[in-house]
Amino acid sequence: MQWGRPGAACWAECDSRDPGTARRFYEAVHGWTAVESEGYSVFELDGEPVAGLLQMPESVPAEAPSSWLVYFAVPDVDATCERAVRSAGTLSVGPMSVQDSRFAVLEDPRGAVFAVLHE
């Protein structure tokens, strides 16, 4: 597998109930540096982005723990979502565009959550 190629992982994001503690933890464990911008942190290693960190939305039920979301590179987010739903997956968020990227969050038939991304 090669990071960022179609079908492979291309980004990872931590939704945290306590981003300050999470930031300090991942900086200590992995040697990452957090660069903050408008409520979102990008973890960098040797100046290269490796993952994101954000505050878990208040709309998420209190019993849901902090978690990581893995994004997979796809050539067409909308077509991927259609195939996933036809294959018994569930569309949780999107598809939507943010800046120059298009993404969606899906759930497989057994409940595993993942995202797809096209930049």
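**Reading strands, turns and a helix face**

Student: Does Met96 count as buried, partly exposed or exposed, and why?

Tutor: The idea is to ask how much of a residue stays uncovered: buried means under 20% relative accessible area, exposed over 50%, and partly exposed in between (1.4 Å probe, protein chains only). Met96 counts as partly exposed because its relative accessibility is 34%. Keep in mind that this is a predicted model, where local features need pLDDT of at least 70, side-chain atom pairs count only at pLDDT 80 or more, and totals for chains, interfaces and linings use all residues. Numbering runs from 1 along each chain as its sequence is written, and side-chain values use heavy atoms, with hydrogens and water left out.

Student: Where is the place of Met96?

Tutor: Look in strand 6, residues 90-98. Helices (H or I, at least four residues) and strands (E, at least two) are DSSP runs, numbered from the N terminus.

Student: Which residues does the cis peptide bond join?

Tutor: That one sits between Gly94 and Pro95, and omega there is about 5°. Pro95 belongs to strand 6, and so does Met96.

Student: What is phi for Asp46?

Tutor: Check the sign, then the residue type: Asp46 has a positive phi, about 55°, and yet Asp46 is not a glycine. You'll find Asp46 in the loop between strand 3 (40-45) and strand 4 (48-55). With a relative accessible area of 76%, Asp46 is exposed.

Student: And what is phi for Ala88?

Tutor: Ala88 isn't a glycine either, and its phi is positive, near 80°. Ala88 comes after helix 2, in the loop between that helix (77-86) and strand 6. Ala88 counts as exposed, because its relative accessibility is 52%.

Student: OK, now the helix itself. Which residues in helix 2 are buried?

Tutor: Go and find Val77, Thr80, Cys81 and Ala84: they are the buried ones in helix 2. Now look down the axis of helix 2: these buried residues fall within an arc of 100° (taken from the directions from the helix axis to the C-beta atoms), so they line one face of the helix.

Student: What do the buried residues of helix 2 pack against?

Tutor: Packing is read from contacts, meaning heavy atoms within 4.5 Å. Here the partners of those buried residues are strand 6, strand 7 (101-107) and strand 8 (113-118).

Student: So strand 6 turns up again!

Tutor: Right: strand 6 holds Pro95 and Met96, and the buried residues of helix 2 pack against strand 6 too.
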